[in-house]
Structure formats: structure tokens, C-alpha cells
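Biologist: I'd like a close look at one part of this protein rather than a tour of everything. Could you pick a single strand and walk me outward from there?

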Amino acid sequence: MKKIISLAMAVCLLFAALPFAFAEEAITMDAAWSILVPSSPTSYETFAANKLKTVLSEVFGTDVAIVSDAAEKYIAVGAASAADVSGIAVNGYRIQAIGGNVHINGTGVRGLQEGAYRFLEEFCGRKVYTESITVLPTAESITVPADTDIVYEPFFEYADTDWRSPCDVEYSMANGLTGGTYRRLPAEMGGTVNYLGGFCHTMGGLCETAKYKDSHPEYLALHDGERTIDQPCLTNPEVLEIAKANVLNLLAGGHDPAASVQIVSVTQNDNYNYCECETCKAFEAAHGGVQSATMINFVNQIADAVKEAGYDNVAIDTFAYQYTRQAPTGIVPRDNVIVRLCTIECCFLHALDDPACERNVDLMKDLHDWAAICDRIYVWDYTTNYGNTCIVFPDFDVIQRNIQIFYENHVKGVYEEGNYYIRNCDAEFGELRAYMISKSLQDPYCDMEKEVDGFLAAYYGPGWQQIKTILRMHMENTGEHISIGSGPSQSFQFTDRQVAVIDGLWEKALEAAATDEQKEHIQRSNLSWRFWKSSAKKGEFSILNPMRFEENVQLFEDLQKFGLHQISEGGYDDYLDCICIPYVPAHEWNTYEADESGARARLFFSKLLRRFTPLLSAFGFFYDIFRAVNAEDPIC
Ligand SMILES: [Zn+2]
Ligand SMILES: [Zn+2]
């Protein structure tokens, strides 16, 4: 019997092995391989070859050569390769195994270089998680399947975000960030898609509203019956000529003919004081009754002038923002006009296309309406809490989906605005979010769970799964909707028991940390948790704890220690002189300045209360019971 089973197993194994016997053998690459370049390589080819050489030399622990002639065992780059890229969109690439060798080729100004980075990520496991954390396993050899044929075309012509690491050139290159506002990639790396002049809110400057305030008040917007320099009158033909001249001047001084696209922003100032003169009102009434009508009409004429002047690679950018968010009727943006739709009013807990989230339904309608008349929509999206930046912004479940939605609705460029002041306010999960954003922009359909797991392990160390659980618990205990200014109690509602569980998870993650760097990352992100607890008077900040005043002071001091000069978008340093630090929740530290009578009164009564606190809390007895009841292993 035993023999028959063995024989049957042998037959099974034979059949299982058969397909491999006939398939081409996988490529095994080791230090004997070289990088093959054309005899006169371009700067793109030289850059790609050098990158491959440097990283592969590190992987194999010995020098990998760059050659211009090789019969076998080579990675051919650019024109030396046989990978056909003729049908691939601009800035795309192809990585192909042909005849036992590897061929990498690309299109446009950065396709080839990105192809080299993709090869290193895909086959060497190289991951650039932050500006200082690059994971690169060493090996004697790496394996490239014989049927490898990776074709990539960029999902967006412009991909940008701020945060911390995305400002780093190497990080941006590895993770596909191409916008030039927060980084400038050198020409051999393909450069960046740059805005010439201002990035946003440029209208006042281009129309010189302040200059003409007295001499030509009719150039200014008539709002609420008064002329204001806040916006120009967009139907005044002389204003148009001023703006045109300024845009053409900008281009005369800074046009880059080699760029794949260069953008000039003609965008409304950051206020609602649009023109209500009779001409503007009449034009808008005839085009859907929306303010975007005069804006598109104005910008179209500038775009025409730019085209007539021969600037074929230049696009004029305008906003669909606040009062211009709705698309007009009967007027269509020119091909060289970019409409940047802004999601500032949205909910970032629910996906933008979630029909159950009433805050997002209108935005989706506007996106569809613009997509019907404009083939070049960019999106300005938001990814942090500007009012309470230290508190976790629970958008982790929608980052990738929203970027998919943009792509599926013909959006060509995305700027994910986040905590651009992170160097003064880094207490949350900024690096994780930045990585999720970058990877989603590079490929909206990437395996995000795998990316997140890899990031968490590299950044937080062996206790990363505790951090993952903490994040999941945050996502499951939010308020109903989340805006970019939600308060602490609108953001999360944790029970006392959940607070104790999350406290325990943070402790375990910290205990497991293997390096000082991982510890620092955990303690830094943990500040956001402590900040929320202080704001919500939970855990050690509970009113039952007679030591809660000291806890607030400790949190305040730790924020200083970790370099936090800001706790919200506005006011560098302005929470540092709060006179009520021990007595008020952390999110109120931006108020209670020394010279205000309200602050002094609060301080007086708080000090009084503190005197009686030991008595009121029965010298901590109630807090001990509270902790015991809510502990991870409660006594009852
Ligand atoms: Zn007007
Ligand atoms: Zn919502």
C-alpha cells in the first residue's frame, strides 16, 4: 500500500514539474553581469546606467561594470536595448527579458530613468520609504523571470505632494513624484513639471490690482458695492491685457523649451470677493450662472496669446475652487488650459464617490461636469488637519481610492496638499501618509496593504503590527465625517477601555523597537495620541487623575523636545506662550495668551481648582479604580 502511494506521489510530482521543464529558464543575475550602454550615451542613459551600477554593486557586494559592448549577461539601457517602446506613452518605460538578458528602455524625459528605479524595486527589493530609510537586501544573485515584460505608462502628467520626505530628490525619483513645487529634479533625472511664477493665488499680482487701485478702480472687482483689490474685474479688456503682458513677460524670462510641460498659474486670490459688476454678472448669467464662466473666458484669452507666441509646451492653469468650483455652460477651456479642481470642502473619511457622504456628492458632480468640457483637469486635494495638525487625520482608507477616482475621471495631474509645515509640526503619521500618497500617484492600483506593511516594518520596527492595529482602531472610531479642520471630539470617539487598549499597544510597539531611530519614530507618532487624549481628557488626562496637570506639562515639554513649534497651520510659535498649559486641553493651547483678561481669569480659577484636586479625587483613589476597571485585563 505504501509503495502505491509513493508511486502515485512520484507521478503527481512529475506532472507538476513538467510545465517548468518546458518553460524558459529564469534569469539569474549576479556580479558577473554588466550594464550595457550605447557608445555615446545620452545624459538619461548615463544616469540610468549609473543608478543600476551603484545599487547592483551594493546588492552583490562587488563592483558591477558599465560597458558599451557585451555578448551576454547584460542589462541593456536605452538605445542599447531591444525593448520596443514605440507604442508607449510619453515618460513610460518597458523592462523586458529577451534571450536571457534584460532590456530597459523608456520614452520622454524620464521614462528610462524611472524604468531603472522600477527594475531595482521589482527585482532587488529596493524600497525608498523615507529620505533616510532605504531598504536594500544584499544577495549573491537575483532572479528575473524569463517572461518578464513590464510596461508602465504614467497615470498622471503631474504628481506632487509636500510633507517631509517627498521633498527629497531620491525619494521623489523612486516613488514617482514629478511636480516641481517641492523638489527640483536635475535634467538627467528628467526634470520636474514646474510652475513658472507663483503656484497659486496669482491673480492679484498678474493683474496688478494694488497698483491700479486709485488710477483705475474699474480694474478692480466690484464686490458688495465697493471696488476691492482682492480680485480683478475679469471682463475688463484692459485688465486682460495687463495679465497677458505679465504672463508673456514671465515666459520671456523663464520659458524652458526642453520641458515636457511648463505651467503658468492664473488663479484667483484666496477670498470670495469676486467681481459683481454688470458685465461680469451678465456674462455669468449667460453661461450657467456661475463665477467660473468669467474666469475661463479670461484664462482662455491668455492661453490663446501664449499659444500665438509659440509656447507650445506651456499650459495656463486656473482654479475650480470655492466660488469657481462649478463648471460653466456654453464655454469650454482651451486645450492648453488646466483646470485645477480643489476638494477643500470635502469629507476625507469617505471616498469622494461615496454616494452616502453628502459632503462629497457635489464635488463628484463638479468633477463630472468639468470632465465633460475639459480634458486637462488637475486636482488640488487635501491630506491633513490644518486646525489640529497633531491629531491623527483618519484618511488612510481613502488616499488610494480617491487617487483612483481622479484617474478614472480623466484627471491629468494631482497635488496632494498635506502638512507642508511638517518640519515644525511632525507628530502624526506623516511619513506613512506621504509614502501612501506617493505610491498611489505612481500607481493608483498598487498593492497598498503590502506597501503599508513594508513601510511600517521598516519605520517602526518589530512592533509594527501594534502600530497597524492602532491605525485600524483610529479608522474604526471616527466621527461621522472628517474635514480638514475637524476638532478632537469630531475626529475620534474612543471609550475609556479602548484608550487603555491603545495605550498598551503603543507600549508594546516601543518595547519591541530594535533601534533608537525606530524608538524615536514611535515616540513621535505617539505624541499625536497623547495630544488627542489631552484634548479629549482621556486616559492620564482624565479629570479623575490628580496628576493630569503634570501630564499636560510633560506633553508640552515633549512637543518641544521633538521640535514642534506649531500645532496647527497658522501661527508659528504661538502656542508656546500659552499661560494655561497645565490646565487646558492641548488643542486649546493656541488660545489663552498672557495679555488677555480671559486667559488670566482661566489661570486664576484653574490654580484654585488644582489646590482642591487631591481632595476632590480622594487623593487619586477614584483614578485608581477608573484605571483598574478600564485596564486591558480589567478587575471586573
Ligand atoms: Zn467685473
Ligand atoms: Zn463623509
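Modeller: Here is a walk that starts at one strand and works out through its sheet to the helices packed there. Keep in mind that this is a predicted model.

For a quick backdrop, the chain has 636 residues, 46% of them counted as buried, and its secondary structure comes to 19 helices and 19 strands. Among contacts with a separation of 6 or more, 67% link residues 24 or more positions apart.

Now zoom in on β16, residues 314–320. This strand is mostly covered, with 7 of its 7 residues buried. Look at how the side chains split: Val314, Ile316, Thr318 and Ala320 point one way, while Ala315, Asp317 and Phe319 point the other way. Both sets are buried, the aspartate included.

Asp317 is also a handy landmark for finding the neighbours. Toward β15 (residues 262–265), the bridge partner of aspartate 317 is serine 265; toward β17 (residues 337–342), the partner is isoleucine 338. In total, 4 bridges join β15 to β16 and 5 bridges join β16 to β17. The strands run parallel in the β15 pairing, and they do in the β17 pairing too.

Step back and you'll see that β16 belongs to an open sheet of 7 strands, in the order β11-β19-β18-β17-β16-β15-β12, with parallel pairing. The edges are β11 (158–161) and β12 (194–196), each of which pairs on one side only. Ignoring direction, neighbouring strands here are turned by 30° against each other on average. Out at the β11 edge, 4 bridges tie that strand to β19 (residues 411–417), again running parallel; one place to spot this is alanine 159, whose bridge partner in β19 is valine 414.

Next come the helices on this sheet. Helix α8 packs there, touching β16 and β17, and its direction makes about 170° with that of β16. Helix α10 (residues 399–408) packs on the sheet as well, touching β18 (377–382) and β19, and makes about 155° with the direction of β19.

Finally, follow α8 (residues 292–308) to its contact with α7 (residues 278–285): the two axes come within 8 Å and cross at roughly 100°. That crossing is why α7 counts as roughly perpendicular to α8. On the α7 side you'll find Cys280, Phe283 and Glu284, and on the α8 side Ala293, Thr294 and Asn297. By class, this contact has 3 nonpolar, 2 polar and 1 charged residues.

Conventions. Residues are numbered from 1 along each chain as its sequence is written. Chains are lettered from A and ligands numbered from 1 in the order in which they are written. This is a predicted model: local features need pLDDT of at least 70, side-chain atom pairs count only at pLDDT 80 or more; totals for chains, interfaces and linings use all residues. Axes are lines fitted to C-alpha atoms, for helices over the stretch in contact, and angles run from 0 to 180 degrees between N-to-C directions. Helices (H or I, at least four residues) and strands (E, at least two) are DSSP runs, numbered from the N terminus. Angles under 35 degrees count as roughly parallel, over 145 as roughly antiparallel, 65 to 115 as roughly perpendicular and the rest as oblique. Two residues are in contact if their C-beta atoms, placed from the backbone, lie within 7 Å. Ala, Val, Leu, Ile, Met, Phe, Trp, Tyr, Cys and Pro count as nonpolar, Asp, Glu, Lys and Arg as charged, and the others, Gly among them, as polar. A residue is buried if 20 or more other C-beta atoms lie within 10 Å of its own, exposed if 12 or fewer, and partly exposed in between; C-beta atoms are placed from the backbone. Two strands pair if DSSP finds at least two bridges between them.
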